[in-house]
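Biologist: Before we begin, please take me through some of the terms applied to this protein. I should like to hear the reasoning behind each one.

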Amino acid sequence: MNQQLLGELMAATMDDCTPCASRSLDEIVDDPASIARLAEFSRLLIITVYDGEPPRFMTDDGAAGPSPITPEFRRLMRAVQAGETAYPECVRMTRAERWTAARSAVGLLIGHMYVADESRIGTGQTLPQACVATASLMTKWWTAAKRYEAAEFAMRWDGYQATLPSGAKLPLEADVAVAFILGAVLHHVAKQDGITVDSFDQLVFTRARPVLQDRQRAERALRDFVFPPGFVENKAVHVKRLAQVDHVFLANICGSATLVVDAHAADCSDGTDRNSQREYALVDRAAQIISAESS
């Protein structure tokens, strides 16, 4: 990645010097790594501005978006959304396509930088962050309360990892993978039911059950979910990639995530409603989730 050229391109665009920006684009267009990094920076800022939720214009060619948006930029965003980096897609692009994608990325990046600065965005928890954090605590409580179920899945996980080539092993534990898929499905349910961060305790977590039990729905929820940037996203991307190509893997983690949901539902009613259709919200599990956080 050529940081100097990226800096010159950013400066020229911010100074509204079109000839300077065009010259910088002409120089950087043959460096797919720089264009990929530029696109990924732009994506992270856009997601931050939109409270952790990726706007449709980032990936959907039919959606209206800011004027700098182009089909080439959306190609890169769809690649990242699918759990890949933008670099391989940049390599596949023609020189003209990379030029257009880079122009779009830098325009969007700078435009959203101004919005973020004026709005002082990014200080509160987003809905995706709340979903992943809650799923992690729900899973943590399950591993303590249902040790046999958790240990059984951990053994299957270790056995599965042993079948993978050394370079393909997932750099995370079994319970983390379960929390990732549960977080993605909780987010799917929250969006479907109109739940926001402010009303998050009203999220009916038992509605995750039918999604987890339907492989195609679970796969779609995982594919569409944008994990919070940083450490979580870096870990979760491995789960997202593998779930797309290994349906047995996805079925296994969905099965264990269903056990997490069932265990919480059963505990709400002293064990009488396990696997029932009765619905419970996160507010019904507040004490247990808090205890998992403090343990």
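The exchange below deals with burial and with salt bridges in this predicted model.

Biologist: Why is arginine 285 called buried?

Modeller: Its relative accessible area is 1%. Buried means under 20%, so arginine 285 meets the condition.

Biologist: Where does arginine 285 lie, and which residues does it touch?

Modeller: Arginine 285 lies in the loop between helix 13 (247–268) and helix 14 (286–294). Leaving aside residues up to four places away in sequence, arginine 285 touches Trp141, Phe205, His264, Asp267 and Cys268.

Biologist: What makes aspartate 30 and arginine 95 a salt bridge?

Modeller: The rule asks for a side-chain nitrogen of Lys or Arg within 4 Å of a carboxyl oxygen of Asp or Glu. For the side chains of aspartate 30 and arginine 95, the distance from N to O is 3.0 Å, so the pair satisfies the rule. Aspartate 30 belongs to the loop between helix 2 (18–28) and helix 3 (32–49), and arginine 95 to helix 6 (residues 95–119), so the pair ties together parts that are 65 residues apart in sequence.

Biologist: Why can such side chains pair at all?

Modeller: Side chains of opposite charge can pair when their charged atoms come close.

Biologist: Why is arginine 95 called partly exposed?

Modeller: The partly exposed class lies between the buried limit of 20% and the exposed limit of 50%. Arginine 95 has 41% relative accessibility, so it counts as partly exposed.

Biologist: How do you know that glutamate 40 and arginine 37 are separated by about one helical turn?

Modeller: They are 3 residues apart in helix 3, which means a separation of about one helical turn. Their side chains meet in a salt bridge, at 4.0 Å from N to O. Both are partly exposed: glutamate 40 has 21% relative accessibility, and arginine 37 has 35%.

Biologist: What makes glutamate 97 and arginine 75 a link between distant parts of the chain?

Modeller: The side chains of glutamate 97 and arginine 75 form a salt bridge of 3.3 Å, N to O. Glutamate 97 is in helix 6 and arginine 75 is in helix 4 (residues 71–81), 22 residues apart. Glutamate 97, at 22% relative accessibility, counts as partly exposed, as does arginine 75 at 24%.

Biologist: Which residues are joined into one network?

Modeller: Arg75, Glu89, Arg92 and Glu97 are joined by salt bridges that share partners.

Biologist: How many salt bridges does the rule give?

Modeller: The count comes to 11 salt bridges.

Terms used
Residues numbered from 1 in each chain as written. Predicted model: local features only at pLDDT ≥ 70, side-chain atom pairs only at ≥ 80, totals over all residues. Heavy atoms only, no water. Helix = DSSP H or I, 4+ residues; strand = E, 2+ residues; numbered from the N terminus. Buried < 20%, exposed > 50% of the residue type's maximum accessible area, 1.4 Å probe, protein only. Contact = heavy atoms within 4.5 Å.
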